[in-house]
Amino acid sequence: MALVVRGVAVVFVAALALLVSSAAAQASPGARFGIQDDAWLLYGPGSLDQRIATLKGLGVGVVRVTLRWDLVAPTKPAKPRDNTDPAYHDWGVYGEVLDALHANGLAALVTVYGSPGWANGGARYTHLPTTGFADFVTAAAVRFPWVRMWTIWNEPNNGVFAAPVSPSLYVRRLLNPGYAALHAASSQNLVAGGVTSPRKTPSGMSPLAFMQGMRAAHAKLDAYAVNPYPLSSVETPTRATCSHCGYFTMATLPTIRAYVTKYFGRKPLWLTEYGYQTSPPDRFLGVSQAKQAAYIGQAALRVWRQPGVTVLIQFLVRDEPNVGGWQSGLYSTEGVPKLAVHAFSLPLAQQSRSGSRVTLWGEVRPGSGARAYVLQLRTSRGWRSVATGRTTRSGAFARTVAASRGAKVRLWAPSLGYASPALAVS
């Protein structure tokens, strides 16, 4: 919650001299690519319908929404008579947003977070509750029966978001009661636990130690969730800055997957927050817009190639106005599109190279069913199409073309009328 390409005519000649071949695109089973930006979605510019139209235009597959218990029920409600008559009646803006997402065919991944003072002894909303959590989760499941994906809390291994930081208390007070309540409400509900930050903070625990503590506390879950942010602006989705530190970043994805299997079996792995900040405005932690766009494609490919990873959530839609916050949006604070906008809708990444042939992976996210795509190569005369085809029903494809090292390629979507940012192949 949470950074000198060359294109010359000879590249084009080399590309046309070789056959263009295709490869099957087999996404990680059930993989969904989505987005989270609570502040923008709940209170952003324009109408709620306009904001949801923006999400649909981006090709968002799932929207993560934080449901704040403390804001829904700042005072203790009357005890419900039964599950069909919950004590929680006024869901405010959360009801409006979740209803609108459902009406527009957008799936929601709901994170239940924030305890009211009456449930935690009068402490801050980050304090783990001692009462009432299962009742609230039950009421949420009854109010929003179409929501099937749930996570319990956010980054409980980080003292900024949870007090105390304790995997056993997290399991006992939150995860297991929430799991039982949601499964009692519907057998179709999927509940993810963990939702950990990528590293140990001064006030917290490492994600690995927290996971081990959850296992020792007999955690119940249908999926494990992590927020695998990079640890610095020099870390990429495939190259870690510290591979032996026990941190959970996108670059260590196979390791995370192995630990989930070790401690919880072959449960799905959800990546519930991820993004790179841009410079400007964040000149300390940010990367260029071109790198942010490239990393979106690389991260998507990494998920596609890693079995058992079924969710990847981009954070945010729009940069936060305070430079001390997050500038990982697809749009600037003023709403100006970054290169990442089209990189999110049309992610493109290099999968492999063999001699003069490079295999590219990509997606056309907006739309449904098999979608037309065009791969284009930059030449001295402009962009030239070198491969056309149709994606799988999920929108993904993999295609091998001839391209020299350093060539620029891009993905054009005829149905959208625009292309992805240029990718320099290596």
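These exercises work through helix packing and charged side chains in a predicted model.

**Exercise 1. Helix packing**

Task: Describe how helix 7 and helix 8 pack, and state which residues make the contact.

Solution:
- Step 1. Two packed helices are described by the angle between their axes and the distance between the axes.
- Step 2. Locate the pair. Helix 7 covers residues 133-143, and helix 8 covers residues 167-185.
- Step 3. Read the geometry. The angle is about 35 degrees, and the axes lie 8 Å apart. The crossing is right-handed.
- Step 4. List the contact residues. Helix 7 supplies F133, A134, V137, T138 and A141. Helix 8 supplies R173, L174, P177, G178, A181, L182 and A185.
- Step 5. Sort them by class. Nine are nonpolar, two are polar and one is charged.

**Exercise 2. A buried salt bridge**

Task: Find what R64 pairs with, and decide whether each partner is buried or exposed.

Solution:
- Step 1. Side chains of opposite charge can pair when their charged atoms come close.
- Step 2. Find the partner. R64 forms a salt bridge with E273, at 2.8 Å from N to O.
- Step 3. Place both residues. R64 sits in strand 3 (residues 62-68) and E273 in strand 8 (residues 269-274), so the bridge ties together parts 209 residues apart in sequence.
- Step 4. Check accessibility. Buried means under 20% relative accessible area. R64 has 1%, so R64 is buried. E273 has 0%, so E273 is buried.

**Exercise 3. Two further bridges**

Task: The model has five salt bridges. Describe those of R143 and R365.

Solution:
- Step 1. Take R143. Its partner is D99, with the closest N and O atoms 2.8 Å apart.
- Step 2. Place this pair. R143 is in helix 7 and D99 is in helix 5 (residues 92-103), 44 residues apart.
- Step 3. Check accessibility. R143 has a relative accessible area of 28% and is partly exposed. D99 also counts as partly exposed, at 28%.
- Step 4. Take R365. R365 bridges to E363, and the closest N and O atoms are 2.8 Å apart. Both R365 and E363 are buried.

**Exercise 4. A charge without a bridge**

Task: Where does D282 lie, and which side chain of opposite charge is nearest?

Solution:
- Step 1. Locate D282. This residue is in the loop between strand 8 and helix 11 (289-305).
- Step 2. Look for a partner. The nearest side chain of opposite charge is R283, 8.5 Å away.
- Step 3. Apply the cut-off. A salt bridge needs the nitrogen within 4 Å of the carboxyl oxygen. D282 has no salt bridge, yet is buried.
- Step 4. List the contacts. Leaving aside neighbours within four places in sequence, D282 touches Q277, V323 and Q327.

Note on methods: Residues are numbered from 1 along each chain as its sequence is written. This is a predicted model: local features need pLDDT of at least 70, side-chain atom pairs count only at pLDDT 80 or more; totals for chains, interfaces and linings use all residues. Side-chain values use heavy atoms; hydrogens and water are left out. Axes are lines fitted to C-alpha atoms, for helices over the stretch in contact, and angles run from 0 to 180 degrees between N-to-C directions. Helices (H or I, at least four residues) and strands (E, at least two) are DSSP runs, numbered from the N terminus. A crossing is left-handed if the near helix is turned anticlockwise from the far one by less than a right angle, and right-handed if clockwise. Contact means heavy atoms within 4.5 Å. Ala, Val, Leu, Ile, Met, Phe, Trp, Tyr, Cys and Pro count as nonpolar, Asp, Glu, Lys and Arg as charged, and the others, Gly among them, as polar. Buried means under 20% relative accessible area, exposed over 50%, partly exposed in between (1.4 Å probe, protein chains only). Lys and Arg count as positive and Asp and Glu as negative; His and the chain ends are not counted.
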